[in-house]
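Let us walk through the salt bridges of this protein. Keep the structure open as you read.

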Amino acid sequence: MRLGAACAAAILLSLVHSSAATTSLEPAGWDAGVKLPEAVDLNPDPHVVEINLEAKLSQVEVAPGARVEAWTYDGGIPGPLIRARVGDRLVVHFTNRLPQPTTVHWHGLRIPIAMDGVPGASQPEVPPGGTFTYDFTVPDAGLFWYHPHIMSAAQVGFGLYGALLVEDPDEHVGVGDELVLVLSDIGFDKKGVLDSPTSGGSTAMVFGREGDYVLVNGRVRPRIAARSGARQRWRIVNAARSRYFQLELDDTSFTQIGGDGGLQERPEQLETVLLAPGERVDAIVTPTAAAGRELVLRALLFDRGYGSVEYRQPEELLTMAMSNDAPVLQGSLPKIHRTIEPLAIEGATPVSVTLGLGQKSDRAYEYQINGVPFLKDKPLHAAPGETQVWTVVNDTKWSHPFHLHGFFFQVLDDRGHAVRPLAWKDTVNVPYGKTARFAVRFDDRPGSWMFHCHILDHADGGLMGSVIVGDSTATTHAHGVAKFP
Ligand code: C2O
Ligand code: CU
């Protein structure tokens with residue numbers, strides 16, 4: 001009896017070993033509930049991905065009967081998944097059919113400033129009816145995302161975001177089943193009219209507005225099927241304008257293998273993973289449960305400051321229904337390793353940034369960096385090749401996911417040592433009352449690069465500045481100051 005089972009397991013194991021990297025172990029159609037539409041590559045050249053992308057209003061159903069006239073890329077929330085391979089040229093013919101100007105920012109991509117999508121710093125805004133062609137080489141593997149950089153809190157909150165997956169054919173993690181999960185939220189009333197992006201005034205801005213419908217790939221609590229014991233690779237982005245997601249999956253831990261800037265130094269086993277707005281996580285999960293059981297992915301209550309846990313409940317995000325297929329018994333994961341050198345920070349230029357909250361009038365608040373909103377007229381500077389150590393002090397009662405455009409950084413601990421496992425990041429959460437440090441080496445891509453809180457209400461409320469690399473004199477104030485009509 002025992003021998004027979006062991007034998008069968010051995011056969012299954014060898015099967016799994018030889019094919020796991022490319023073959024699905026999941027039941028057919030397992031991911032239909034969350035499958036993202038993909039942008040169609042119009043270019044026959046295997047090293048060029050050329051797509052059309054259109055921003056437009058569209059009726060979207062996020063749950064049975066819950067329909068909203070949302071702002072979308074190509075008619076859906078999220079926008080299409082764009083797939084490329086590292087080193088590919090990506091050409092995006094973008095058309096704006098929204099009633100407002102917009103741009104597309106490529107979050108996390110180390111591309112030239114002219115492609116960064118920030119009006120005033122890199123391109124003019126794309127007016128209603130206008131077009132713009134983004135054209136650049138994707139330099140790094142990882143999960144990235146795209147979203148507007150004008151009135152971002154409003155436009156992202158209305159539904160404008162999508163994932164960009166840059167794959168590396170030489171990356172072997174031994175898992176053939178993969179999901180791209182875009183987490184977000186949206187607010188609208190019973191008639192399907194979007195919540196005003198300025199509801200609650202500057203007090204709501206200070207907190208950061210969240211939508212009532214919590215979405216996974218544009219749906220409220222979608223379902224997928226899963227086969228017990230079969231590994232899945234989840235590549236997750238938090239595209240919400242304010243909401244944090246601290247994820248927990250019933251009876252299942254996460255093996256985090258990467259984050260913002262692709263694979264990390266080595267895997268790390270975690271019971272929960274946290275994604276602040278803008279952040280990405282690359283994790284392997286192995287749901288193991290009896291046929292017919294359901295495992296639930298939840299967002300736990302997470303304290304990001306006053307108002308974020310009071311009177312709230314954990315959110316159920318995704319249901320996994322265990323199939324009747326024979327459980328899979330997999331061997332250990334291949335060694336997943338990436339060599340990342342800690343940045344040499346001896347002699348690095350110290351830069352200090354203090355996030356604060358001030359009063360702009362009797363009743364209106366504004367966020368400030370180093371005492372001024374939008375760091376007005378005082379951009380920071382860096383020379384190409386220069387390494388800097390940034391100390392970001394959070395002097396407010398709310399946490400802030402701090403994002404730097406165009407360059408990866410390494411998070412440092414209190415003693416100035418790089419946090420292990422080493423990883424490349426573009427967004428780091430700065431908890432309220434705390435300080436974050438990171439090392440960044442600027443390369444030779446001159447321009448005016450934004451940094452800001454990725455709670456987009458906070459960014460539009462003043463938590464934004466720029467660092468000028470080289471001697472660019474471009475100004476950068478167009479981002480948050482425009483008003484919603
Ligand atoms: Cu997602 Cu200014 O960035
Ligand atoms: Cu913030």
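**Salt bridges across the chain**

R298 and E316 pair through their side chains in a salt bridge, 4.0 Å from N to O. R298 belongs to strand β18 and E316 to strand β19, so this contact ties together parts 18 residues apart in sequence. E316 has a relative accessibility of 33% and counts as partly exposed, because that value falls between 20% and 50%.

The model is predicted. In the whole structure, a search finds 31 salt bridges.

Now take a pair with a wider span in sequence: E210 and R312. Their closest N and O atoms are 2.9 Å apart, and they form a salt bridge. Both residues sit in loops. E210 lies between α3 (201-207) and β10 (213-216). R312 lies between β18 (294-300) and β19 (315-322). The pair therefore ties together parts that are 102 residues apart in sequence. How accessible are the two partners, E210 and R312? E210 counts as buried at 17% relative accessibility, whereas R312 is partly exposed at 29%.

Next, find E178 and R233. Their side chains meet in a salt bridge, with 3.8 Å from N to O. This pair links distant parts of the chain, 55 residues apart. E178 is in strand β9 (residues 178-186), and R233 is in strand β12 (residues 232-238). E178 has 25% relative accessibility, so it counts as partly exposed. R233 has 5%, so it counts as buried.

Which residues join E178 and R233 in one network? They are E171, R235 and D282, connected through salt bridges that share partners.

Conventions
Residues are numbered from 1 along each chain as its sequence is written. Chains are lettered from A and ligands numbered from 1 in the order in which they are written. This is a predicted model: local features need pLDDT of at least 70, side-chain atom pairs count only at pLDDT 80 or more; totals for chains, interfaces and linings use all residues. Side-chain values use heavy atoms; hydrogens and water are left out. Helices (H or I, at least four residues) and strands (E, at least two) are DSSP runs, numbered from the N terminus. Buried means under 20% relative accessible area, exposed over 50%, partly exposed in between (1.4 Å probe, protein chains only).
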